Amino acid sequence: MKVLVIGGGTGGLALAHGLKRAGIEVTVFERDALRTDGLHGYRVGIDPDGSRALHALLPRDLYDTFVATRARDPKYFNMLTEDLKEVLSLDLPPATDPVESEKSISRMTLRQVLLTGLDDVVEFGKEFTRFEQYGDRVTAYFADGTHATGDLLVAADGARSRVRRQYLPHAETEETGIVAIAGKLPITAESASLVPPKVFEGISMVNAPRGLACILHVMEFQWDRDGNVKSGIGGNTEELIRRWPGLQFDNTRDYINWGLSATADKLPADVMELRGDELVEVALRLTRGWHPNLRRLFELTDPGTCFPVNIWTSVPLEPWETTKVTLLGDAIHTMTPGRGVGANTALRDAVNLCRQLIAVRDGREELIPAVRAYEARMIEYGFDAVIKSRAQMTADDPVHKPVVGRLALAGLRTAMRAVNHLPPVKRRMRDSMLAYRGADRAELSLEITPVS
C-alpha cells in the first residue's frame, strides 16, 4: 500500500510519521520550496486530544522533543475589559503529565518538529494541480509536470484545498463576517511591564464594546538565541534541544502575540490588502479609548509580523461515497479559532486514519471500508467542532449589534464577575472547558507495531 499526502501541514505530517513507523509507504507533497519556508504563524494550543494523537504517531524521542520545545505553560485563562480590569480569571492546572496536558506551541516550532525525521518522505516544491482515479489506483499531478501514483490520496492541503475543490465541489466554505489582525512583539523589559502578572502568565481575552475582541498570548521558550537551554532547565531537555536538527531552521524567540478581531464593517474595505505599519494603525484606530498599555503593545509590534485574516468556516455536509481519495484537517472541516481546536481536530483525524490503514496493512480490513469507517467518524466530530467554533466567532453574535451589543456585553461581564467570586462555579467552568478539549478520549490511543 502506498499513500500520497497532499500538503505538509500539521495533520499531514503527523499522519506521515504514523504511517512511516507502521511500515506503510507514504510520500508528502508540499507546495513550499524549502523546509525554511512556512516559518510563520503564532501560538497554537495543543490540547490533550492533540498531545495524545502526537504521542501515538511520533517516535518517542521526537515526541519528547515536541514537549521540550513548547513554551512555558499558562497558569491562567483571563477575561478582561478594554481598560485591563479583570472580569474572570480561571486557574489552569499545572502540567504534570507530558501527554494528558495542554501545551502552548509556536506554529513554526511545531512545523520543524514534524518535519524532523521525514527527509525521505517529504517532497518540497510540489504544487498539486489535479488527480485522476482509475481502477484501484489514484494519480496526483503537479505543476512541475511530474506525477505520482498510489493506493490512497489524502488531502491535507488546508482550507483552500485544491483536492477538495475537485473531489467534493459541493463542499462549501463561507465567511463568518469576522476579520482579525494579528501581530507579535518581542518580550522586553518594557513590553513585559505593560500587562498585569496574571496576563503575562496566562492566556487572556479582552471583550470590548462594538464587539471588538483581542486575545493575548505570552510565549516564553526554554532556549535562548544561541540554542542553549536557559538556566534552571538542564537535564535531558537540554540535550534534546541541542540535538534537535529542527533548531537550525527555527527562529522562535520569546514574544507576546495578539489577535484583534471585529466585524468586517468596522474595518477598512481594503484591510486584506494592508500589511505592516498600516495594520498597526488600523488596530490603534479601532482601540481608541482602550488602556494605554494595550495600545502601547500595538505600537511596539514588529510590523513585519502583522497580517490580516478573513475568518471562514466550512458548511457541514452529508457523507459522500468513499473512494481512493479522502481528506483531513482544514481540507474538509475548516473552522474558526473560536474554540481553539482546529489543529487538534486535524491531529485527531491523523491518528484515526492511521489506525484504519494499519488495519488494512494487517489484513483485518479492506481499504475502502477502512477509509469509510474513518470518514464516518471524522464527519461526526469534525463538523460538530465546526458548528461549535462558529458559534464562538460570527458576525451574527448580538455583541456586534449597535444597541443590543452593549447590553449583551454588560450581561456577559456581570455574569462572569459573579462567577469570579464563586470558586466552586469557577472550577466547574474550568473543568468543562478542559473536558471539551479532550479529557479521557480513549479513541486517540494507538500502539503502532512496526512491520519487520
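Glu175 is partly exposed in this predicted model, with a relative accessible area of 46%, and the residue sits in strand β12, which covers residues 173-186. If you follow the chain from Glu175 to Thr334 you travel 159 residues, and yet the C-alpha atoms of the two are separated by 11 Å.

Let me turn from there to the salt bridges, of which the structure holds 25. I will go through three of them with some care, and then mention a network.

The pair I would like to take up at the start is Glu201 with Lys75, where the closest N and O atoms are 3.0 Å apart. Glu201 belongs to the loop between α7 (197-200) and β13 (202-207), while Lys75 belongs to the loop between α3 (60-68) and β4 (76-80), and the pair therefore ties together parts that are 126 residues apart in sequence. As for accessibility, Glu201 is partly exposed, its relative accessible area being 25%, and Lys75 is also partly exposed, with a value of 44%.

The next pair is Glu86 with Lys198, whose closest N and O atoms are 3.6 Å apart in the salt bridge. Here again distant parts of the chain are linked, since Glu86 is in strand β5, residues 86-91, and Lys198 is in helix α7, with the two positions 112 residues apart in sequence. Glu86 counts as partly exposed at 37% relative accessibility, and Lys198 counts as partly exposed at 31%.

What about the pair formed by Asp151 and Arg137, and what is the N to O distance there? The side chains of Asp151 and Arg137 meet in a salt bridge with an N to O distance of 3.0 Å. Asp151 is placed in the loop between β10 (147-150) and β11 (152-155), and Arg137 in strand β9, residues 137-142, so this pair ties together parts that are 14 residues apart in sequence. Is Asp151 buried or exposed? Because its relative accessible area is 18%, and the cut-off for buried is under 20%, Asp151 is buried; Arg137, by contrast, is partly exposed, with 30%. Beyond these pairs, Arg31, Glu127 and Arg162 are joined into one network by salt bridges that share partners.

Charges outside salt bridges deserve a word as well. Asp270, Glu273, Asp277, Glu278 and Glu281 together form a negative surface patch. Asp270, one of these residues, lies in the loop between β15 (255-263) and α9 (277-286), and its relative accessible area of 41% makes Asp270 partly exposed.

Helix α9 also holds Val282, and I bring this residue in on account of its accessibility: at 3% relative accessibility, Val282 counts as buried. For a sense of distance across the model, Val282 and Arg430 are 148 residues apart in sequence and, taken from C-alpha to C-alpha, 34 Å apart in space.

Now to the backbone, where I would point to two residues. Leu84 has a phi near 65 degrees, which is a positive value in a residue other than glycine, and Arg210 likewise has a positive phi, near 70 degrees, in a residue other than glycine. Where do these two residues lie? Leu84 is in the loop between β4 and β5, and Arg210 is in the loop between β13 and β14, the latter strand being residues 213-219. Their accessibilities fall into separate classes, as Leu84 counts as buried at 14%, whereas Arg210 is partly exposed at 43%. For anyone wishing to examine these torsions in the model, those are the two positions I had in mind.

Finally, I come to Asn420, which is found in helix α14, residues 404-420. Which side chain does the side chain of Asn420 contact? The side chain of Asn420 makes a polar contact with the side chain of Lys426, at 3.3 Å. Asn420 itself counts as buried, because its relative accessibility is 15% and the class of buried residues takes in values under 20%.

Definitions and conventions. Residues are numbered from 1 along each chain as its sequence is written. This is a predicted model: local features need pLDDT of at least 70, side-chain atom pairs count only at pLDDT 80 or more; totals for chains, interfaces and linings use all residues. Side-chain values use heavy atoms; hydrogens and water are left out. Patches are made of residues with over 30% relative accessible area and no salt bridge: like charges are joined within 9 Å, nonpolar side chains (Val, Leu, Ile, Met, Phe, Trp, Tyr) within 5 Å. Accessible areas come from the Shrake-Rupley method with a 1.4 Å probe; for residues, only the protein chains shown count as cover. A salt bridge is a side-chain nitrogen of Lys or Arg within 4 Å of a carboxyl oxygen of Asp or Glu. Lys and Arg count as positive and Asp and Glu as negative; His and the chain ends are not counted. The place of a charge is taken as NZ of Lys, CZ of Arg, CG of Asp or CD of Glu. Helices (H or I, at least four residues) and strands (E, at least two) are DSSP runs, numbered from the N terminus. Buried means under 20% relative accessible area, exposed over 50%, partly exposed in between (1.4 Å probe, protein chains only). A polar contact is a pair of N or O atoms within 3.5 Å; within protein, one must be able to donate a hydrogen and the other to accept it, and residues adjacent in sequence count only if both atoms are side-chain atoms.
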